[in-house]
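Open the model in your viewer and keep the selection tool at hand. The tour goes from sheets to core to charged pairs, and ends with confidence.

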Amino acid sequence: MPSLLRSRILIAAALLLGVSCGSGSTGPSGSGTLHLTLTTPHADDGAVMFTVHGTAIDSVTFPVAYSGYYRRSADRDTVTVIVAGHVGNGVIADLTVPAGSPASGYTALVKQAAQRSTFAQRTLSGYLVAVSQ
């Protein structure tokens with residue numbers, strides 16, 4: 001995806017959805033990593049927004065293939081995440097959490113998705129973000 005189009009997707013998503021940028025720093029020592037894996041019914045997604053809930057989410061990082069933003073709730077137990085780019089099936093982000101935190105203690109829910117070239121919103125049937133070790 002051209003960087004201009006990716007930038008436009010991120011800017012539009014951030015402005016329309018009111019999600020502020022979070023830091024991409026790694027968590028404190030004694031932290032662990034959980035993977036967020038997307039299942040999508042489409043081959044041409046350009047952006048996906050989802051929430052993750054679980055105990056003490058320190059940060060969210062993104063693979064090089066994606067651009068992303070996140071906002072952490074005041075209680076640090078929920079993050080809202082936007083991932084943009086050539087979004088497809090597979091790992092789209094990682095959570096930094098306290099060491100030993102089980103994946104079963106975290107849930108993710110897709111809130112919005114958009115088609116890559118038109119930015120048209122998708123129906124959410126068939127979308128899933130799974131949390132794993």
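**Stop 1: the 4-5-2-7 sheet.** Select strands 4, 5, 2 and 7, which in that order form an open sheet of 4 strands with antiparallel pairing. Strands here are DSSP runs of E with at least two residues, and helices are runs of H or I with at least four; both are numbered from the N terminus. Two strands count as paired if DSSP finds at least two bridges between them. Strand 4 and strand 7 are the edges, each pairing on one side only. From one strand to the next, the twist averages 15 degrees. Such angles run from 0 to 180 degrees between N-to-C directions, with axes as lines fitted to C-alpha atoms (for helices, over the stretch in contact).

This is a predicted model: local features need pLDDT of at least 70, side-chain atom pairs count only at pLDDT 80 or more, and totals for chains, interfaces and linings use all residues. Residues are numbered from 1 along each chain as its sequence is written, and side-chain values use heavy atoms, leaving out hydrogens and water.

Now show strand 2 and strand 5 alone. They run antiparallel and are joined by 8 bridges. Click Asp45: its bridge partner in strand 5 is Val87. Keep Asp45 labelled for a later stop.

**Stop 2: the 3-6-1-8 sheet.** Select strands 3, 6, 1 and 8. These 4 strands form an open sheet in the order 3-6-1-8, with antiparallel pairing. Its edge strands are strand 3 and strand 8, each pairing on one side only. Here the twist averages 25 degrees from one strand to the next.

Walk across the sheet from strand 3. Strand 3 pairs with strand 6 (residues 90-98) over 3 antiparallel bridges. Thr61 stands opposite Asp94 in strand 6. Next, strand 6 and strand 1 pair antiparallel over 8 bridges. Gly32 has Val97 as its bridge partner in strand 6. Finally, strand 1 meets strand 8 in an antiparallel pairing over 5 bridges. Look for His35 opposite Ser132 in strand 8.

**Stop 3: two faces of strand 1.** Show the side chains of strand 1. Which ones are buried? Gly32, Leu34, Leu36 and Leu38 point to one face and are buried, while Ser31, Thr33, His35, Thr37 and Thr39 point to the other and are not. Buried means under 20% relative accessible area, exposed over 50%, and partly exposed in between (1.4 Å probe, protein chains only).

**Stop 4: the nonpolar core.** In soluble globular proteins, nonpolar side chains tend to be buried together. Select Leu36, Val48, Phe50, Val79 and Leu95: of the 25 residues in the largest nonpolar core, these touch the most other members. Such a core is a set of buried Ala, Val, Leu, Ile, Met, Phe, Trp, Tyr and Cys residues joined through side-chain atoms within 4.5 Å. Strands 1, 2, 5, 6, 7 and 8 each give two or more residues to this core.

Centre on Leu95. Leaving out residues up to four places away in sequence, its contacts (heavy atoms within 4.5 Å) include Leu34, Leu36, Val52, Ile57, Val60, Val79 and Tyr106.

**Stop 5: the salt bridges.** Side chains of opposite charge can pair when their charged atoms come close. The count is 3 salt bridges, each a side-chain nitrogen of Lys or Arg within 4 Å of a carboxyl oxygen of Asp or Glu.

Select Arg122 and Asp44. Their closest N and O atoms are 2.3 Å apart in a salt bridge. Arg122 sits in the loop between strand 7 (107-115) and strand 8 (128-132), and Asp44 in the loop between strand 1 (31-39) and strand 2 (45-53), 78 residues apart. Arg122 is buried at 18% relative accessible area, whereas Asp44 is partly exposed at 28%.

Add Asp45. Arg122 also meets Asp45 in a salt bridge, 3.1 Å from N to O. Asp45 is in strand 2 and Arg122 in the loop between strand 7 and strand 8, so the pair ties together parts 77 residues apart in sequence. Asp44, Asp45 and Arg122 are thus a linked network of salt bridges.

Move to Asp58 and Arg76. Their salt bridge spans 2.2 Å, N to O. Asp58 lies in the loop between strand 2 and strand 3 (59-61), and Arg76 in the loop between strand 4 (67-72) and strand 5 (78-87), 18 residues apart. Asp58 is buried at 14% relative accessible area; Arg76, at 36%, is partly exposed.

**Stop 6: confidence.** Colour by pLDDT, the predictor's confidence in each residue from 0 to 100. The chain mean is 85, and 78% of residues reach 70 or more. Select residues 15-28: pLDDT stays under 50 there, and the model has 28 contacts beyond four places in sequence for this stretch.
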